[in-house]
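Trainee: Could you take me through a close look at one part of this assembly? I would like to start from a single contact and work outwards from there.

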There are 8 protein chains.
Amino acid sequence: MRKLARGEISVEEAIRTLKLFAIEKIGEFARIDVGRELRRGIPEIILAEGKSLEELSEIVFRSIETAGRVIVSRLDGEIMDKLAKKARRRGLNVEEYRKARMLVVRKTLGRRETGGRVGVITAGTADIPVAEEASIIAEEMGCKVYKVYDVGVAGMHRVFDAVKTMVEADVDVIIVAAGREGALPSIVASLVDIPVIGVPTSQGYGFGGSGVAALQSMLQSCPLGLTVVNIDAGVAAGTVAALIANRAAYRAGVK
Amino acid sequence: MRKLARGEISVEEAIRTLKLFAIEKIGEFARIDVGRELRRGIPEIILAEGKSLEELSEIVFRSIETAGRVIVSRLDGEIMDKLAKKARRRGLNVEEYRKARMLVVRKTLGRRETGGRVGVITAGTADIPVAEEASIIAEEMGCKVYKVYDVGVAGMHRVFDAVKTMVEADVDVIIVAAGREGALPSIVASLVDIPVIGVPTSQGYGFGGSGVAALQSMLQSCPLGLTVVNIDAGVAAGTVAALIANRAAYRAGVK
Amino acid sequence: MRKLARGEISVEEAIRTLKLFAIEKIGEFARIDVGRELRRGIPEIILAEGKSLEELSEIVFRSIETAGRVIVSRLDGEIMDKLAKKARRRGLNVEEYRKARMLVVRKTLGRRETGGRVGVITAGTADIPVAEEASIIAEEMGCKVYKVYDVGVAGMHRVFDAVKTMVEADVDVIIVAAGREGALPSIVASLVDIPVIGVPTSQGYGFGGSGVAALQSMLQSCPLGLTVVNIDAGVAAGTVAALIANRAAYRAGVK
Amino acid sequence: MRKLARGEISVEEAIRTLKLFAIEKIGEFARIDVGRELRRGIPEIILAEGKSLEELSEIVFRSIETAGRVIVSRLDGEIMDKLAKKARRRGLNVEEYRKARMLVVRKTLGRRETGGRVGVITAGTADIPVAEEASIIAEEMGCKVYKVYDVGVAGMHRVFDAVKTMVEADVDVIIVAAGREGALPSIVASLVDIPVIGVPTSQGYGFGGSGVAALQSMLQSCPLGLTVVNIDAGVAAGTVAALIANRAAYRAGVK
Amino acid sequence: MRKLARGEISVEEAIRTLKLFAIEKIGEFARIDVGRELRRGIPEIILAEGKSLEELSEIVFRSIETAGRVIVSRLDGEIMDKLAKKARRRGLNVEEYRKARMLVVRKTLGRRETGGRVGVITAGTADIPVAEEASIIAEEMGCKVYKVYDVGVAGMHRVFDAVKTMVEADVDVIIVAAGREGALPSIVASLVDIPVIGVPTSQGYGFGGSGVAALQSMLQSCPLGLTVVNIDAGVAAGTVAALIANRAAYRAGVK
Amino acid sequence: MRKLARGEISVEEAIRTLKLFAIEKIGEFARIDVGRELRRGIPEIILAEGKSLEELSEIVFRSIETAGRVIVSRLDGEIMDKLAKKARRRGLNVEEYRKARMLVVRKTLGRRETGGRVGVITAGTADIPVAEEASIIAEEMGCKVYKVYDVGVAGMHRVFDAVKTMVEADVDVIIVAAGREGALPSIVASLVDIPVIGVPTSQGYGFGGSGVAALQSMLQSCPLGLTVVNIDAGVAAGTVAALIANRAAYRAGVK
Amino acid sequence: MRKLARGEISVEEAIRTLKLFAIEKIGEFARIDVGRELRRGIPEIILAEGKSLEELSEIVFRSIETAGRVIVSRLDGEIMDKLAKKARRRGLNVEEYRKARMLVVRKTLGRRETGGRVGVITAGTADIPVAEEASIIAEEMGCKVYKVYDVGVAGMHRVFDAVKTMVEADVDVIIVAAGREGALPSIVASLVDIPVIGVPTSQGYGFGGSGVAALQSMLQSCPLGLTVVNIDAGVAAGTVAALIANRAAYRAGVK
Amino acid sequence: MRKLARGEISVEEAIRTLKLFAIEKIGEFARIDVGRELRRGIPEIILAEGKSLEELSEIVFRSIETAGRVIVSRLDGEIMDKLAKKARRRGLNVEEYRKARMLVVRKTLGRRETGGRVGVITAGTADIPVAEEASIIAEEMGCKVYKVYDVGVAGMHRVFDAVKTMVEADVDVIIVAAGREGALPSIVASLVDIPVIGVPTSQGYGFGGSGVAALQSMLQSCPLGLTVVNIDAGVAAGTVAALIANRAAYRAGVK
């Protein structure tokens with residue numbers, strides 16, 4: 001300001017200096033934020049879709065340095081093989097999940113247990129890849145995962161068996177993946193007193209196909225206690241389920 | 001053609017004459033078709049929506065002459081009153097159905113029984129007007145109608161009670177009206193060995209509201225044995241249910 | 001409860017025990033439900049889409065043990081060949097339907113006749129696969145099926161011939177498959193006194209293409225007596241038609 | 001340019017001068033275009049919707065000076081009365097069309113006849129206001145209009161009678177207004193050898209309601225010879241029909 | 001009836017006899033309708049999409065017997081080659097149109113001239129296949145076709161040149177094909193006093209892509225005198241344009 | 001069965017008896033299910049929308065007998081007054097929530113505390129009614145609720161203050177209500193390590209208005225840890241948040 | 001940390017303390033952000049829609065203290081009157097804009113001039129309120145606004161006159177408001193070398209009505225140089241136009 | 001006219017002559033318009049999509065003659081190679097941009113600098129191709145472009161760094177490309193006092209996928225100062241940004 005007064009700088013320069021000052025201040029704050037990823041307890045997850053092997057490799061090997069562990073999702077079989085090979089050559093630990101199309105790369109073995117417990121149920125065989133995606137994320141976030149797949153909706157008995165399994169395991173939250181009319185999450189929600197996360201899957205054709213009817217049904221669901229993530233969003237479901245379970249474990253004093 | 005040859009008419013006239021001839025032939029056929037309404041066993045049904053009292057009166061009193069009975073649907077309370085009064089003044093028999101917003105006007109009392117049996121179930125209180133619309137049509141088409149309303153979907157026990165009532169009554173077909181996620185028709189269809197007609201009702205707000213989620217769920221339904229009519233289409237559901245039941249009664253030799 | 005009173009178990013354990021008790025009770029019920037599939041008279045139908053040959057084989061050969069007959073729908077030509085070969089090697093009877101993309105696998109030959117009669121009409125050549133899907137299901141459910149394909153809608157005369165065939169056969173219900181503007185089911189419904197099931201097919205491009213206009217037209221249809229299943233849903237149409245026809249035959253005392 | 005060279009004007013001024021020059025040239029052309037409205041033979045039509053009585057009056061009385069005749073569409077009953085009164089007080093000739101919600105205001109009586117012939121058919125009573133809108137426009141553009149209203153679609157015989165009337169009148173083009181599934185324009189198109197203009201009307205509720213199913217059906221129509229205007233677009237239909245008929249009359253040498 | 005009275009037939013048989021009688025009558029009418037295709041002046045057009053070479057061949061060679069000329073649309077290059085070869089081997093005349101993906105097969109050479117005149121304009125290069133489809137249909141229906149392609153919309157001058165060409169040719173109707181925002185048909189309509197048929201083409205990506213924005217713009221168009229066919233519906237546009245032009249020629253007494 | 005063997009009953013009767021037996025068994029199960037509502041810990045909630053005062057009164061006073069407490073949502077001001085008066089006259093305790101349009105009716109005062117902690121944040125003033133709906137439900141389910149309303153999104157500082165409040169209160173879950181582009185839930189989710197429930201509100205006009213853009217944004221959200229309920233679904237959000245918080249409190253041994 | 005080591009606090013407390021520390025830091029940053037509104041040069045704008053007179057008054061009179069000037073948009077006539085009266089009673093300067101439904105309340109008279117120049121064009125009369133909204137915002141942001149309203153699109157000459165006015169005024173940016181097919185912004189963009197902002201207005205009915213066709217057309221526009229804001233978003237258009245113009249003025253050194 | 005009076009020409013000829021005269025006048029104007037492309041300062045840009053190598057070559061080599069420079073967008077890798085080779089063989093200068101899928105072909109090297117400054121920011125890696133498309137256009141229009149890619153939205157600190165870079169470079173406008181929930185443009189707009197252009201990219205799956213949620217979010221954005229182009233419309237964004245920047249530079253007197 002004094003410089004401006006003495007005419008050493010123009011008004012324009014002064015204004016720009018002020019703007020930069022505000023941004024600098026913001027920059028300082030930004031630095032603090034660096035630890036956010038760790039603080040939140042959500043692992044580094046990279047969406048492979050639309051990235052080349054080269055791009056993926058670069059991002060994975062750059063991230064692993066600071067994060068210690070990287071999860072890659074939506075991988076094509078071939079690229080998964082090549083990426084896994086590359087990682088192993090660098091001495092990294094690699095776990096391949098074909099059905100879930102996921103790769104977990106880590107520097108050191110072992111996974112922290114939080115004490116959180118997550119249930120995962122699928123209506124049909126076709127919903128399994130999405131459910132597996134969710135399961136792996138929840139496990140990587142330290143939860144114990146209990147799965148009952150292919151429960152159907154036409155025959156009610158397998159639904160009850162699945163819910164029984166969940167109650168016996170005393171899970172903190174249940175993820176239910178279902179396509180077409182997406183009724184299973186509502187039915188499960190109507191039988192338990194814990195939160196249920198519905199994941200519509202892109203099953204079904206014709207009007208309401210590709211998971212749209214399932215998404216709408218879950219959003220319109222009469223039995224309360226159900227929240228929803230996007231169609232095929234296994235990663236989102238797994239993350240929020242683990243946050244719920246880990247919160248419960250945290251309050252229970254489980255470490 | 002001879003006239004054309006002799007130059008008595010122009011080519012244009014000849015062509016037009018030929019066209020008219022074809023249409024005349026069609027006209028003759030059309031005459032035969034006059035009895036169709038009666039043959040099909042579907043009563044004369046007039047949609048009141050968008051018509052003034054004057055227009056409605058004219059149509060009703062013109063139709064009653066040939067049809068003997070006229071059903072008016074989607075009537076506002078006030079217009080229903082006035083129309084009923086007008087009809088009674090002319091010495092016609094009038095039945096008023098407030099919930100269903102329907103009026104049945106007939107020359108002579110009495111209804112032919114066909115022996116068909118139709119079940120009608122609703123998920124909630126809000127679905128009742130649509131279900132009533134269907135019931136009245138089915139009754140006017142000679143069927144005996146068995147109703148269980150407000151069955152809910154959250155609590156499964158009332159669903160089973162409702163289905164039990166239907167099985168005991170040995171109905172030929174069940175109409176199930178449901179809004180929001182529209183799961184009830186699928187559940188009913190999964191429990192019986194007779195056809196089920198789903199009627200989505202315009203309940204629910206937000207994404208998939210106004211009956212859209214319900215319609216999609218019913219179309220995507222996994223349990224087989226379910227067909228669908230349009231949102232709030234009680235008249236359509238009642239008609240097709242009566243056709244199914246009457247067909248069964250006809251084959252059973254019931255008159 | 002006594003254990004709780006005596007302090008042998010904690011309150012948490014007591015609550016969980018109660019929950020499990022309720023679920024056990026439900027489990028017992030579930031057992032009863034096992035016979036449902038047979039009771040409903042709907043054969044075991046497996047959707048091949050999105051399943052590998054290995055997954056399909058496993059499901060088919062597991063199901064055939066209890067069900068005696070399994071129908072596989074939406075099969076790619078190549079997978080159909082391999083699955084059929086596998087099944088024959090196991091000494092099972094196999095029927096291949098190329099147009100319908102279906103495979104019927106059964107332990108013993110022969111099909112129970114119910115006395116139900118189903119008519120199937122298509123508007124165009126492109127609607128035939130969907131119609132065939134429906135026909136096979138209806139036949140497997142014991143109905144006699146009468147077909148008239150490629151009836152068109154531009155020329156009215158073939159429509160009347162088709163309806164005449166249906167009336168002569170005295171069918172209990174007519175399935176009409178049509179794409180684009182989907183007008184044929186409405187026209188057929190306006191000519192008969194039996195229920196008509198419209199199946200929109202995914203024909204047509206531009207606005208309202210892929211069967212959407214056809215579905216909407218059938219739902220908006222003025223002539224009453226028409227119900228609808230989803231776009232390309234041949235299996236759903238065949239099932240509900242057979243339920244209607246079998247109900248009629250049942251009441252007629254036909255066995 | 002010279003001024004620029006001599007430094008009398010800056011480069012900026014020079015550029016702006018050039019831009020203005022181009023625009024001026026365009027302006028000259030624009031003047032020529034003034035006669036377009038008259039040349040095209042389409043009357044001045046003002047949409048009343050969303051305009052106050054004051055705004056409407058001002059526009060109508062300004063336009064009437066140059067155009068000699070003004071048509072106001074989509075008028076509320078009350079505003080129509082007041083506008084008509086105002087116009088009559090100024091000594092103008094006014095025709096009021098209640099059903100069509102239109103007002104025709106003209107300086108001198110009489111309408112030029114072109115020799116064009118337009119047919120107008122409606123499926124139901126509710127389609128009449130749209131059809132009337134179209135009729136009035138066609139008449140104001142000098143055509144003779146032949147109308148058959150409330151033809152229905154359930155009973156085929158009235159359809160043939162309507163078409164017969166059109167063929168006898170030897171019309172140049174037929175407008176067909178229909179809501180819900182909008183099948184009538186297709187059926188009419190399949191019976192005649194002249195162009196048919198489909199006008200979907202905003203009838204029908206549920207999926208495909210408000211004219212959407214009708215619009216889609218007409219666009220997907222199998223029988224060729226059908227074009228479409230927007231939902232409820234009676235003015236558009238009337239204009240294009242009159243252009244077609246007037247073109248035919250022009251080539252026939254009719255004046 | 002007498003048979004019924006004498007007890008020779010049951011009531012059921014009597015009813016069925018009556019139904020068949022009505023259908024027979026309809027059957028007779030249907031026969032009359034056979035000549036419709038010829039009467040309407042629209043050639044036999046077969047949509048190749050979704051049909052195998054075998055199916056196409058069978059339909060084409062069956063139809064050519066009665067129709068004398070068959071047009072096949074939406075042909076893949078390879079199938080076109082094979083179908084053309086097959087047709088030539090049978091001694092038929094074949095014209096191949098690569099851009100339009102069309103094949104015209106005829107028994108004898110020569111085309112009837114009607115005196116109708118059709119203009120065809122496209123906005124861009126990508127709209128040409130659709131425009132060609134329309135042109136060929138119009139020519140096959142006896143019209144003379146005047147084309148101006150790739151007129152653009154950014155530069156107004158080519159628009160005026162195109163319209164000038166149309167006015168000089170004194171065409172009866174103009175087809176305008178345009179994608180993306182679809183503004184060209186409106187602009188052309190605002191400059192001429194003859195009907196304009198807009199054909200939206202499936203150009204453009206993002207919101208309103210695949211021809212949807214173009215279709216909506218044409219339906220919402222402010223300048224009157226424009227009708228619309230479906231997205232990419234060149235055949236529909238060509239047919240209705242030819243009907244308009246042929247009607248004008250017919251009234252002018254041109255043969 | 002023995003009766004059947006002895007011919008005392010027909011096969012039909014036998015089949016029906018069997019069907020009824022299965023349903024009876026189901027009925028028994030259903031009885032067990034009666035306690036479900038209590039077991040789940042979700043209070044009786046009645047949607048007032050579309051119900052008359054009479055219907056509401058009847059449902060409320062019937063339910064209060066068994067449930068002890070009833071919540072009525074989406075009440076119009078006038079009906080709320082009358083219903084409250086009626087309830088008080090019957091000696092019931094009534095709490096009126098104008099903003100939330102809710103009424104809580106209970107037999108005895110007092111609310112069980114669970115130890116669950118729920119945070120509620122709104123983006124704007126218009127989102128408050130939905131947030132209040134959620135808050136009341138969560139409180140009725142025994143949670144302590146911490147609210148920060150009108151946080152905005154344009155200015156980031158109030159967002160941080162709101163999150164700080166939540167972290168200080170150590171809540172188990174945060175509900176974030178936001179309309180228009182619905183960005184706030186994503187931002188909150190990116191700053192905390194507990195689950196976030198996004199509630200889109202029906203704010204915003206034009207494309208993506210009425211909450212659609214908000215719903216889509218939340219479903220597409222990049223920061224993980226966010227689930228979603230339907231547009232304006234405050235009740236659903238409150239319920240699931242309370243289930244999450246109560247589960248955490250339960251595991252923490254809080255009673 | 002030391003406290004933790006000495007056991008004075010639990011691990012849970014330690015973690016919470018750390019979290020709060022991070023948030024505090026963020027809080028500091030947030031303080032800096034307070035001046036953002038002023039720095040950006042965008043006035044305080046309050047959306048009246050959905051707020052009561054009391055809520056509005058409170059927000060306006062609280063904001064005016066710090067902001068010095070407040071703009072209220074989307075005001076109903078009656079509430080505008082009352083709010084204006086209230087403001088005047090407090091000694092504030094009030095400007096009422098009926099067409100734009102806006103109120104500008106300021107402590108002291110006078111408006112800073114920036115030297116920015118904004119053009120505003122509307123296609124029709126119905127687009128004026130939206131255009132006025134934009135104009136007022138631009139003026140309040142210090143720009144000089146040049147308006148040409150009701151330019152039409154049918155007649156090209158008024159378009160050129162409007163553009164000429166804009167070029168003569170040497171504006172920095174042009175806002176063009178248009179409904180229905182929304183072609184005007186594209187045409188204007190094709191004639192100038194400055195940015196054009198299209199504002200679709202909620203005009204038009206049927207398919208593509210309520211501004212959807214206009215929005216799509218502008219997004220699909222072939223002529224480059226056009227950006228878009230949401231339907232009826234006059235405030236958004238005015239703000240961005242002023243930012244563009246003010247940036248140009250800033251670089252020109254105009255103060 | 002005199003010829004008409006003397007009977008030398010018919011009325012029809014006279015009318016056609018008049019029409020042609022009007023069109024000729026328009027033609028003259030059109031000539032003037034030829035320079036438009038140059039005047040607007042927007043380079044010749046050719047969309048490769050849907051064009052064969054032959055078609056592209058022809059258009060490019062024809063345009064380069066008059067335009068001096070041609071940009072080809074949306075090129076497949078293989079066609080780009082071949083087109084580049086062809087152009088080099090003709091002695092033209094060619095720049096290949098793989099990521100942006102663009103080719104710039106020019107007669108002579110060198111690019112005019114305008115003094116405009118454009119910022120380009122992307123949310124993720126997948127948004128880079130669209131951003132590059134925009135950058136190249138802006139550079140070709142003479143602007144200096146400042147880029148910060150892969151800024152993310154989960155971590156706020158990189159957002160501030162990116163904005164800081166833009167403020168330091170003192171850009172005139174910022175383009176922000178983002179997919180999925182598309183929140184980044186809003187955040188950037190809330191931090192700067194210059195116009196921001198949002199480009200939704202076709203990222204994201206499920207409901208709101210393919211860029212729809214991003215487009216809606218940007219249109220609904222609360223922070224003012226943001227305009228939008230269509231999904232993936234990098235060329236449109238680059239053009240309008242350059243027009244804004246060049247206008248600012250023009251007013252600053254920069255050449």
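Mentor: Let's begin with C:Asp170 and B:Arg247, whose side chains meet in a salt bridge with N and O 3.2 Å apart. Keep in mind as we go that this is a predicted model. The general idea is a friendly one for a biochemist: side chains of opposite charge can pair when their charged atoms come close. Here the cut-off for such a pair is a Lys or Arg side-chain nitrogen within 4 Å of a carboxyl oxygen of Asp or Glu, and the 3.2 Å of C:Asp170 and B:Arg247 satisfies it.

This pair has company. Across the interface of chain B and chain C there are 6 salt bridges, and 11 residue pairs are in polar contact there, both residues being at pLDDT 80 or more. Which elements of chain B build its side of the contact? Helix 3 (36-40), helix 9 (212-220), strand 9 (226-228) and helix 10 (234-251) of chain B each give at least two residues to the side that touches chain C. Of these, helix 10 of chain B brings the largest share, 12 residues.

Now step back to the whole interface. Chain B contributes 45 residues and chain C contributes 45 residues. Together chain B and chain C bury about 3,500 Å², with 58% of that area on carbon and sulfur atoms. A turn of 180° with a shift of 0.0 Å along the axis lays chain B on chain C, at an RMSD of 0.0 Å. The same surface serves both copies, since 100% of the contact residues of chain B recur in chain C.

The pairing we started from also has a counterpart elsewhere in the assembly. F:Arg247 forms a salt bridge with A:Asp170, and their closest N and O atoms are 3.2 Å apart. This pair crosses between chains: F:Arg247 sits in helix 10 (residues 234-251) of chain F, while A:Asp170 lies in the loop between helix 7 (156-169) and strand 7 (173-178) of chain A. Over all chains, the salt bridges come to 128.

It helps to set the contact of chain D with chain C beside this one. How many salt bridges cross the interface of chain D and chain C? The count there is 0, but 15 residue pairs are in polar contact, with both residues at pLDDT 80 or more. On the side of chain D that touches chain C, helix 8 (184-189) and helix 9 (212-220) of chain D are the elements that give two or more residues. Helix 9 of chain D supplies the largest share of that side, 7 residues.

The contact between chain D and chain C takes 24 residues from each of the two chains. About 2,000 Å² is buried between chain D and chain C, 59% of it on carbon and sulfur atoms. In chain D, the residues that lose the most area to chain C are D:Phe207, D:Gln216 and D:Gln220, which together account for 35% of what that side buries. Chain D superposes on chain C by a rotation of 180° with 0.0 Å of shift along its axis, at an RMSD of 0.0 Å. The two copies are thus related as by a two-fold rotation axis. Chain D and chain C meet through the same surface, because 100% of the interface residues of chain D are also interface residues in chain C.

Finally, let's return to chain B and look at its sheet. Chain B has an open sheet of 4 strands in the order 1-2-4-3, with mixed pairing. Strand 1 (44-47) and strand 3 (93-97) of chain B each have a single partner strand, so these edge strands leave one side without a neighbour in the sheet. On average, neighbouring strands of this sheet are turned by 15° against each other, direction ignored. Strand 3 of chain B runs antiparallel to strand 4 (residues 102-106) of chain B, and 5 bridges join them. Within this pairing, B:Glu96 has B:Leu103 as its bridge partner in strand 4 of chain B.

Two helices of chain B lie across these strands. Helix 5 (residues 77-89) of chain B covers strand 2 (69-73), strand 3 and strand 4, running at about 165° to strand 3 of chain B. Helix 6 (residues 128-140) of chain B lies across strand 1, strand 2, strand 3 and strand 4, at about 15° to strand 4 of chain B.

Conventions
Residues numbered from 1 in each chain as written. Chains lettered and ligands numbered in written order. Predicted model: local features only at pLDDT ≥ 70, side-chain atom pairs only at ≥ 80, totals over all residues. Heavy atoms only, no water. Least-squares fit on C-alpha atoms with pLDDT ≥ 70 in both. Contact = heavy atoms within 4.5 Å. Pairing = 2+ DSSP bridges. Axes fitted to C-alpha atoms, helices over the stretch in contact; angles between N-to-C directions. Buried area = accessible area lost by both parts, 1.4 Å probe. Polar contact = N/O pair within 3.5 Å; in protein donor to acceptor, adjacent residues only side chain to side chain.
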